[in-house]
Amino acid sequence: MTVSRDTSPLPTGHRLTRRTVVAAVGAGGLAAALTGCGSDDDKGSSAPAGEERDTAPEEGGAAGAALARTADIPVGGGKVFKDEGVVVTQPEKGTFKAFSNRCTHKGCPVTNVEGGTVNCACHGSKFDIADGSVRQSPATSPLPAARIRVEGDAIRLA
């Protein structure tokens with residue numbers, strides 16, 4: 001008769017299930033994929049431009065931080081704020097939208113706003129500046145909306 005001993009690091013009475021293994025492998029794979037898509041030295045994003053009432057905009061992406069003045073965001077275009085993790089657009093005069101600056105295809109940072117789209121240089125995905133919807137694949141999901149507020153001529157993170 002063979003006696004088997006449980007040598008798992010789990011506490012007595014706990015069993016490793018297929019669900020636990022699949023979840024752990026999936027989380028590890030997602031972390032690896034997101035890590036491989038971007039780096040701290042990605043080019044093409046913009047630092048906050050302009051000043052708000054003679055004071056420099058706050059940095060770091062904290063809620064309430066001044067990103068830019070409304071005049072800094074061109075009508076029919078936008079601006080990428082890499083450090084704050086957002087892209088701000090102005091699809092129509094006086095209408096400002098904000099989205100995550102991470103492409104929904106592989107998580108690369110978007111690089112610019114041009115021709116009515118937010119563009120990702122990694123694989124060529126393009127997103128509409130009005131609603132973040134996909135205008136060119138390989139991305140299949142829209143950019144998630146981000147929250148901003150416009151106070152006078154200042155655009156701030158909400």
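**Exercise 1. Work out the strand order and pairing of the open sheet of 4 strands.**

Step 1. The open sheet of 4 strands runs in the order S5-S6-S7-S8, with antiparallel pairing. Strands here are DSSP runs of E with at least two residues, while helices are runs of H or I with at least four residues, both numbered from the N terminus. Two strands pair if DSSP finds at least two bridges between them.

Step 2. Now look at the borders: S5 and strand S8 (134–136) are the edge strands, and each pairs on one side only.

Step 3. Neighbouring strands of this sheet are turned by 35° against each other on average, direction ignored. The axes behind this value are lines fitted to C-alpha atoms.

Step 4. Zoom in on S5 and S6, which run antiparallel and are joined by 3 bridges. Glu114 stands opposite Thr117 in S6. As a reminder, strands of a sheet pair through backbone hydrogen bonds, either parallel or antiparallel.

A word on the model before going on: it is predicted, so local features need pLDDT of at least 70 and side-chain atom pairs count only at pLDDT 80 or more, while totals for chains, interfaces and linings use all residues. Residues are numbered from 1 along each chain as its sequence is written, and side-chain values use heavy atoms, leaving out hydrogens and water.

**Exercise 2. Find the disulfide, and explain why Cys103 is too far from Cys120 for a bond.**

Step 1. A disulfide is a pair of cysteine sulfur atoms within 2.5 Å. The structure holds 1 disulfide, and this joins Cys108 to Cys122 with an S to S distance of 2.4 Å.

Step 2. The pair links distant parts of the chain, 14 residues apart. Cys108 sits in the loop between strand S4 (95–100) and strand S5 (112–114), and Cys122 in the loop between strand S6 (117–119) and strand S7 (126–128).

Step 3. For handedness, take the torsion about the S-S bond of Cys108 and Cys122: it is about -105°, so the disulfide is left-handed.

Step 4. Next comes burial, where buried means under 20% relative accessible area, exposed over 50% and partly exposed in between (1.4 Å probe, protein chains only). Cys108 is buried at 2%, whereas Cys122 is partly exposed at 38%.

Step 5. Turn to the other two cysteines. The sulfur of Cys103 has its closest cysteine sulfur in Cys120, but 3.9 Å is too far for a bond. Cys103 is buried, with a relative accessible area of 5%, and Cys120 also counts as buried, at 4%.

**Exercise 3. Describe the place of Val150 and list its contacts.**

Step 1. Val150 lies in strand S9 (residues 148–151).

Step 2. Its relative accessibility is 40%, so Val150 counts as partly exposed.

Step 3. Contact means heavy atoms within 4.5 Å. Setting aside neighbours within four places in sequence, Val150 touches Thr70, Phe96 and Ile155.

Step 4. Compare sequence with space: Val150 and Ala66 are 84 residues apart in sequence, yet 9.6 Å apart from C-alpha to C-alpha.

**Exercise 4. Summarise the protein chain by its elements and burial.**

Step 1. The chain has 1 helix and 10 strands, running α-β-β-β-β-β-β-β-β-β-β from the N terminus on.

Step 2. Of its 158 residues, 32% count as buried.

Step 3. Among contacts between residues at least 6 apart in sequence, 44% join residues at least 24 apart.

Notes
Axes fitted to C-alpha atoms, helices over the stretch in contact; angles between N-to-C directions.
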